[in-house]
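Q: I am new to reading protein models and would like a careful, close look at one part of this one. Please take the charged side chains and what surrounds them.

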Amino acid sequence: MPPPLRRSLVLSVALLALVLTGTAVAGNGGIAPPDPASPNAANIRDMYWLVLGITGGIFVLVEGALILFVVRYRSRGRPREVEGPQVRGHTNLELAWTAGPVVLLAIIAGFVFYKVSGIENTSGIPRAQGATPVEQIRIEGHQYYWEFRYPDGAIAVDHLRLPYNRVVRLQIVGHDVNHSWWVPALGGKLDAIPGKTNYTSVRATRLGTFRGQCAEFCGIQHAAMIAEVEVLPQTEYDGWVRERHASAAGLGRETFVGVCAKCHGLAGQGDIGPAIAQSPLLQDRKALTTLLHEGIGTMPAVGQNWDDTQLNALTEYLGQRFKQGGGSGG
């Protein structure tokens, strides 16, 4: 093999190795979606593997043929001005590479349409059996946090609890700008749009905590708009919902960490927002409520639709954590 050709092949292989190495060290191997934790996500993963397998096979076939032709039909010392051997057309081969893509596209389309019906029926239970969700949870996208409202009035921020192996209907809305609810292990993205309500259902089939991320750029703190979905045994989930509704225990801290601290810092030291640890506003319920409901300057009205339960939980927590003259509190 001539030195220039050898160098070109070595360089191509080296570049391909560098690309694949970067992909391999990425999260989850950098290739596949995360392990599914619902029938919805399992169907999406199946479609992904089919498309990846077919396109990967085509890539290997095309690149293999390219290398074969480069080696087989190289000049072998022939002067540049002399043409190489002329190869005539091959009717059967031309028909094959015309019909082949059509067949592959038909396979992909058929498989995708088959799986999409399962994604729409996200309970994973045939419709004939009447898979009726037992409850509905409202998911609200705000700048820059997720708020979850349960049927009995319980509220959570950035941390959604779901019961294991029970169908739950999710009502998804945007409060201020467009957001997109996405927890890869539980399914695909669904937009949270002001003035429009979207719905999906989910049946979690694995216990554990799964990370979600707003998938639509929504402002300066978009990257901080992260959610956690914790799948609990059904009895534990029911107990948590009852406890949160009865006492709102932990809601104040959740609200501060999920809403306030993203701009003002966990210690109130300031970040993209001003320092608040020593602000007398934290001890003034009326002024604080007005600020949360109406916003000021570049600060959005983060608590515009908060009820008294959430406002009371936050003000109580702020009063304990940032005692006037006491710095960052406990």
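To begin with one residue, does Asp238 count as buried, partly exposed or exposed, and what is its relative accessibility?

A: Asp238 has a relative accessibility of 25%, and because buried means under 20% and exposed means over 50%, Asp238 counts as partly exposed. Please keep in mind throughout that this is a predicted model, in which the protein chain has an average pLDDT of 84, with 84% of the residues scoring at least 70. Some stretches fall lower: over residues 122-130 the pLDDT is below 50, although this stretch has 19 contacts in the model beyond near neighbours in sequence. Residues 325-330 also have a pLDDT below 50, and for that stretch the model has 13 contacts beyond near neighbours in sequence.

Returning to Asp238, its side chain meets that of Arg166 in a salt bridge, with 3.1 Å from N to O. Asp238 belongs to helix α4, which covers residues 234-247, while Arg166 sits in the loop between β4 (159-163) and β5 (167-174), so this pair ties together parts that are 72 residues apart in sequence. The partner, Arg166, has a relative accessible area of 14% and is therefore buried. As a general point, side chains of opposite charge can pair when their charged atoms come close.

Helix α4 also supplies Arg244, which forms a salt bridge with Glu254, the closest N and O atoms being 3.4 Å apart. Glu254 lies in helix α5 (residues 251-264), and the two residues are 10 residues apart. Here Arg244 counts as buried because its relative accessibility is 5%, and Glu254, with a relative accessible area of 15%, is buried as well.

Helix α5 is also the place of Lys262, which counts as buried at 12% relative accessibility. The side chain of Lys262 makes a polar contact with the side chain of Asp158, at 2.7 Å, and a polar atom of the Lys262 side chain lies 2.8 Å from the backbone oxygen of Tyr144. When residues up to four places away in sequence are not counted, the residues that Lys262 touches include Tyr145, Gln221, Ala224, Met225, Ile226, Val257 and Asp271.

Another pair involves Asp307 and Arg149, whose side chains meet in a salt bridge with 3.9 Å from N to O. This pair links distant parts of the chain, since Asp307 is in the loop between α6 (285-294) and α7 (308-321), whereas Arg149 is in strand β2 (residues 145-149), 158 residues away. Asp307 counts as partly exposed because its relative accessibility is 31%, while Arg149 is buried, its relative accessible area being 18%. Both residues belong to a network of salt bridges that also links Arg138, Glu140 and Glu147. To set these pairs in context, a search of the whole structure finds 12 salt bridges.

For a contrast with the charged side chains, one can turn to a nonpolar patch on the surface, of about 420 Å², which is made by Leu68, Phe69, Tyr73 and Val87. Of these residues, Phe69 is found in helix α2, which covers residues 39-72, and at 47% relative accessibility Phe69 counts as partly exposed.

Conventions:
Residues numbered from 1 in each chain as written. Predicted model: local features only at pLDDT ≥ 70, side-chain atom pairs only at ≥ 80, totals over all residues. Heavy atoms only, no water. Patch = residues over 30% accessible without salt bridge, like charges linked within 9 Å, V, L, I, M, F, W, Y side chains within 5 Å. Areas by Shrake-Rupley, 256 points an atom, 1.4 Å probe, with all protein chains shown as cover. Salt bridge = Lys/Arg side-chain N within 4 Å of Asp/Glu carboxyl O. Helix = DSSP H or I, 4+ residues; strand = E, 2+ residues; numbered from the N terminus. Buried < 20%, exposed > 50% of the residue type's maximum accessible area, 1.4 Å probe, protein only. pLDDT = per-residue confidence, 0-100. Contact = heavy atoms within 4.5 Å. Polar contact = N/O pair within 3.5 Å; in protein donor to acceptor, adjacent residues only side chain to side chain.
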